[in-house]
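Reader: Could you walk me through the empty spaces and the ligand site here, and tell me how each label is earned?
Author: Gladly; here is what we will be looking at.

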Amino acid sequence: MFDDKFVWGVASSAYQVEGTDPDDGRGKTVWDTFTEQGRIFQNQNAYTSCDHMHHYKDDYALMKNLGIKAYRFSLNWARILPEGTGRVNEKAIAMYRDMILTMKENGITPYITLFHWEFPQALQEKGGWLNEEVVDWFGEYAKVVAENFSDLCEYFITINEPQCVVGLGHLSGVHAPGLKLSIPETFQIAHNLLKAHGQAVINLRKYAKQKIRIGFAPTGGVAYPYTDSAEDIEAARKVYFGFYNPMDNWTWNISWFSDPVFLGHYPKEGLEKFKEYLPEITETDMQLIHQPLDFMGQNIYNGYYVRQGADGEPEFVDREPGFPKTACNWPVTPKAFYYGIKFLTERYPLPLYITENGMSCHDNVSFDGRVHDNDRITFLDSYIGAMQRAYDEGADIRGYFLWTFLDNFEWSEGYRERFGMIYVDFMTQRRIVKDSAFWYQNVIGTNGGNLSTNQTTKEILFLDPVCTHNIWGGTRLREDFHYPVEGDDLWECWGISAHPNGDVTLRDCGFRGMKLSELWKNIRKFSEMWTVTVSHS
Ligand code: BGC
């Protein structure tokens with residue numbers, strides 16, 4: 001279980017939930033342009049989405065009722081600075097301030113993300129992330145954020161998932177601004193983005209009205225070990241922080257983005273592998289990128305198996321047939337969650353917050369008017385349970401933000417993926433609390449006490465007894481007690497025993513073949529919680 005200080009939250013982003021208003025004074029973002037170009041599933045757009053900008057009071061009241069303690073949300077840069085720099089839109093400042101005040105009235109701690117992908121169109125026209133001036137543009141925006149919100153809010157996150165901004169936005173082009181740039185240009189973008197992060201940290205601190213805490217929220221699939229052997233764990237770690245992707249997919253890695261920010265240098269292996277594509281990287285750049293931070297965020301959804309191959313090098317392993325998956329076909333990999341948390345907290349010297357984790361389900365309203373999203377409960381139960389395992393082993397993890405509160409605009413997928421714990425009817429804006437939200441309420445209320453990992457198992461453990469033969473034995477153990485043992489010289493039966501003279505073996509359960517003494521010794525924590533029902537029919 002988690003302690004009382006553990007932060008239980010939900011996460012969202014501005015563009016995905018807010019919607020718009022003809023009088024809101026906002027500027028255009030690259031996502032507006034992208035949707036107008038018909039690049040989204042069924043030509044959908046986010047001009048209304050969950051219309052959160054007109055429903056936030058009710059939405060925060062609902063959060064409060066569900067016991068949610070923290071809300072990670074983002075500000076739309078172009079709503080605040082319609083041209084990306086310069087003129088401030090006071091309506092946006094007023095709206096966000098009221099949102100934050102309402103959250104606080106409802107006992108919800110705000111965690112503000114400055115950039116969750118809605119880049120101002122006006123700045124895109126000046127070259128966007130490829131123009132080095134973006135460092136100053138983002139810095140100016142951070143100053144405006146600090147001046148206007150830092151009196152109300154203590155926690156800030158600069159950038160969400162740089163991997164997606166660079167890779168999906170500028171390499172594969174499946175996200176706005178939908179560009180397919182050359183590989184060197186994408187490295188320039190990544191470098192500019194990291195410098196912009198650094199400049200934002202400097203300005204947030206410089207203009208903050210109180211002591212604030214700042215983090216960064218990258219992402220990436222977790223390479224996790226196929227077995228728990230030391231060799232496989234090492235192989236997985238090597239891949240997780242290494243560079244095994246083809247160049248047209250290079251942005252999917254952890255260390256290129258996190259090492260500079262958290263450790264102050266690009267990883268050596270990457271510098272070597274990418275050397276022909278890199279922009280000029282100076283010592284001053286590295287100092288700018290490596291600003292002191294208070295925490296690291298990480299968005300983790302899933303992972304892939306790695307083991308040590310026969311040649312001693314890491315090797316990728318296929319998933320088993322029938323491997324569980326989410327509605328958008330992402331694999332369900334709680335073990336990857338455990339290993340991701342372990343690997344990250346071992347490598348980087350900062351407390352960790354899981355800034356996003358969750359799944360999309362085929363949610364539907366039932367005849368009884370409710371949404372029974374059992375798959376999501378199963379998913380979250382196993383992931384949060386895996387997080388608890390890492391936490392119990394000492395990983396410095398401080399909080400968990402479930403992605404996401406409301407079903408919302410899932411980028412290029414439009415509304416066809418439902419990630420929320422609240423169902424949204426996009427035609428009427430009606431909200432329906434899904435079963436998973438009630439379940440999460442209970443997780444929060446008990447600090448994880450209701451997780452399966454903390455329950456007494458109802459599983460029946462079948463044991464194979466140890467029977468001994470002796471010259472003066474007989475047949476009563478078979479006849480009266482029905483032990484299926486051959487011979488007419490049955491003497492003793494150790495039915496439930498971990499004694500060396502009669503250490504029984506488990507069968508027909510998750511621990512098949514294990515001796516009871518081993519179970520007791522190695523998995524004591526679990527076995528203490530079990531109600532063991534023994535049967536030996
Ligand atoms: C993003 C979210 C997105 C979620 C599910 C994360 O990569 O930060 O904006 O909705 O994943 O795809």
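Author: Let's start with a term: on a 1 Å grid over the protein atoms alone, a pocket is an open set of points with protein on both sides within 12 Å along at least five of seven lines, whereas a cavity is a set of points where a 1.4 Å probe fits but cannot get out; lining residues have an atom within 4 Å of a point. Grid points are joined across faces, edges and corners, and a volume is the space filled by probe spheres set on the points. By that reckoning, the largest pocket has about 910 Å³. Its lining has 42 residues, and C164, L168, T219, W252 and W330 are the closest to its centre. Please keep in mind that this is a predicted model, where local features need pLDDT of at least 70, side-chain atom pairs count only at pLDDT 80 or more, and totals for chains, interfaces and linings use all residues. Residues are numbered from 1 along each chain as its sequence is written, and side-chain values use heavy atoms, with hydrogens and water left out.

Reader: What makes you say where the ligand sits?
Author: A molecule sits in a pocket or cavity if more than half of its atoms lie within 2 Å of its grid points. The ligand meets this for the largest pocket, so that is where the ligand sits.

Reader: Which residues surround the ligand?
Author: Among them are Q16, H116, N160, E161, W403, E410 and F419. To be near, a residue needs a heavy atom within 4 Å of the molecule.

Reader: Why is the pair between E410 and the ligand called a polar contact?
Author: The term asks for a pair of N or O atoms within 3.5 Å. A side-chain N or O atom of E410 is 2.5 Å from a ligand oxygen, so the pair qualifies. E161 also has a side-chain N or O atom 2.5 Å from an oxygen of the ligand. For W403, the distance from a polar side-chain atom to a ligand oxygen is 3.3 Å, so this pair passes too. The protein buries 94% of the 310 Å² that the ligand exposes when taken alone (Shrake-Rupley method, 1.4 Å probe).

Reader: How many cavities of 30 Å³ or more are there?
Author: The structure holds 3. The largest cavity has about 90 Å³ of space, and W31, W117, V165, A176 and P177 are the closest to its centre among 13 lining residues.

Definitions and conventions: A polar contact is a pair of N or O atoms within 3.5 Å; within protein, one must be able to donate a hydrogen and the other to accept it, and residues adjacent in sequence count only if both atoms are side-chain atoms.
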